[in-house]
Amino acid sequence: MGLAGLVGLAGEGRRFWRGAGPVLAGLLVVGVAGAPARAETVREQQWHLTVMKAAEFWKVGTGKGVTVAVIDSGVGRVPELEGQVLPGVDLAGGKVEGDERTDQDGHGTSMATIIAGTGKASGGEGLSGIAPGARILPIRVPREDAPGESSWAAAIRRAADSDAKVVNISMSTATADPARDEAVKYALSKGKLVFAAVGEGETTGSTRAAIAAKKAGELRYPAATPGVVGVAAVDPGGEPTAESLTGPQVDLAAPGVDILTSCRGKAGYCKSHGTGEATALASASAALLWSAHPDWTNNQVLRVLLNTSGAPVDGAVRNDWIGYGVARPRIAMSTPGSPGPADVYPLPDFVAAAAAMAAGDAGPSTEVGADEAAGFRGTVWWVGLGLVGVLIVGGAVTTVLGRRAGN
């Protein structure tokens, strides 16, 4: 079979896997797995660490010396964050009990763990963040931000006046707020980088186009605020997740499916999904790069993150699905290239980006770029192809997966 045939078969396998995943998974267990199943370790379940090649970039830096302000529901006390959390600020306004170390719903704790979990729990087999050397500054706010109260705006200003270099907001609201906009400007003037989730939208529809149409025009803030890095989510196949909102507010993407993190379950771990998780990974990527280049400005760190991201495969500089690409901290740290001018912010403002999109500059693409991003896609393609092989010839999946593991 020629190369074109193999590519076609891979594509068919990919589509087949999506439509019949549960059935094929069952066949794989029955037809191939002769030995008793072994439970995955915590580390093995953190697929994003493998795909992003964390073991390699940790040789260059771990985020040490960089503080990430986590504006969220608070950061609780979990083993993975022991020694990582600094004294913070409680701006919840007395609406919930406790202080910034009291996390009522676990969301802020989960995001902090994705960023800076040490992996030291459970005898060294606990959850690892991608920047385990970074510190967390918890700033607790209400999960819903009313413009009249501007709790999030106050939180951004507190982060701007702190030693934190990166501000993570893994939340979104449908309401714009001038006070929040001014707070972002202030944070940028203080040399910070602000990352925020673009939010989730409608996921039902007969086709991706139908889903996209339902999500079109759904702006969430502060991701849509000028100066904020809006983060979308991609799946293990390297494609934008169905729930991730699209639009000119999207600047960067990161994994946002089946992200293992801390939670209140019996085991202490659970898998979560969303653009909030992707935002935590993007923020941590900035912390990693900044720890390796402490003399860079916020503009230079962001420029390198964008320049080294896995860009859209359709040749566009950016698109509405993944922005400028999928964050690749390994590439950013190993081959950053020129960081560019220290005093020039690398992102156009939101109004200019919206105008460019309206003019038809860079249409949407549903796939992402090379290296780690291609690795996401390749994993799904080859698993799908291997499972089709199980149906056709029986047992062939062992050889296919063996080759994949050796690449």
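Two strands are said to pair if DSSP finds at least two bridges between them. In this predicted model, strand β4 (residues 166–169) and strand β5 (residues 193–197) meet that condition, pairing in the parallel sense over 4 bridges, and within this pairing V166 of β4 stands opposite L193 in β5. Strand β1 (residues 67–72) also pairs with β4 in the parallel sense, here over 3 bridges, with V68 standing opposite V166.

The side chains of β4 can be read against a general expectation. In a regular strand the side chains alternate between the two faces of the sheet. In β4, V166 and N168 point one way while V167 and I169 point the other way, and all of these residues are buried.

The connection from β4 to β5 involves a helix, since β4, α8 and β5 make a right-handed β-α-β unit. Helix α8 (residues 178–189) in turn packs with helix α7 (residues 151–160) at an angle of about 10°, the axes lying 8 Å apart. Because angles under 35 degrees count as roughly parallel, α7 is described as roughly parallel to α8. On the α7 side the contact is made by W152, A153, I156, R157 and A160, and on the α8 side by A179, R180, E182, A183, V184, Y186 and A187; these residues divide into 9 nonpolar, no polar and 3 charged.

A further place to look is the loop between β6 (229–234) and β7 (252–255), where T241 lies. This threonine counts as buried because its relative accessibility is 6%, with the cut-off for burial set at under 20%. The C-alpha atoms of T241 and G274 are separated by 8.3 Å, although the two residues are 33 residues apart along the chain.

Technical notes
Residues are numbered from 1 along each chain as its sequence is written. This is a predicted model: local features need pLDDT of at least 70, side-chain atom pairs count only at pLDDT 80 or more; totals for chains, interfaces and linings use all residues. Side-chain values use heavy atoms; hydrogens and water are left out. Axes are lines fitted to C-alpha atoms, for helices over the stretch in contact, and angles run from 0 to 180 degrees between N-to-C directions. Helices (H or I, at least four residues) and strands (E, at least two) are DSSP runs, numbered from the N terminus. Angles under 35 degrees count as roughly parallel, over 145 as roughly antiparallel, 65 to 115 as roughly perpendicular and the rest as oblique. Contact means heavy atoms within 4.5 Å. Ala, Val, Leu, Ile, Met, Phe, Trp, Tyr, Cys and Pro count as nonpolar, Asp, Glu, Lys and Arg as charged, and the others, Gly among them, as polar. Buried means under 20% relative accessible area, exposed over 50%, partly exposed in between (1.4 Å probe, protein chains only). A crossover is right-handed if, with the strands pointing away from the viewer, the path from the first strand over the helix to the second runs clockwise.
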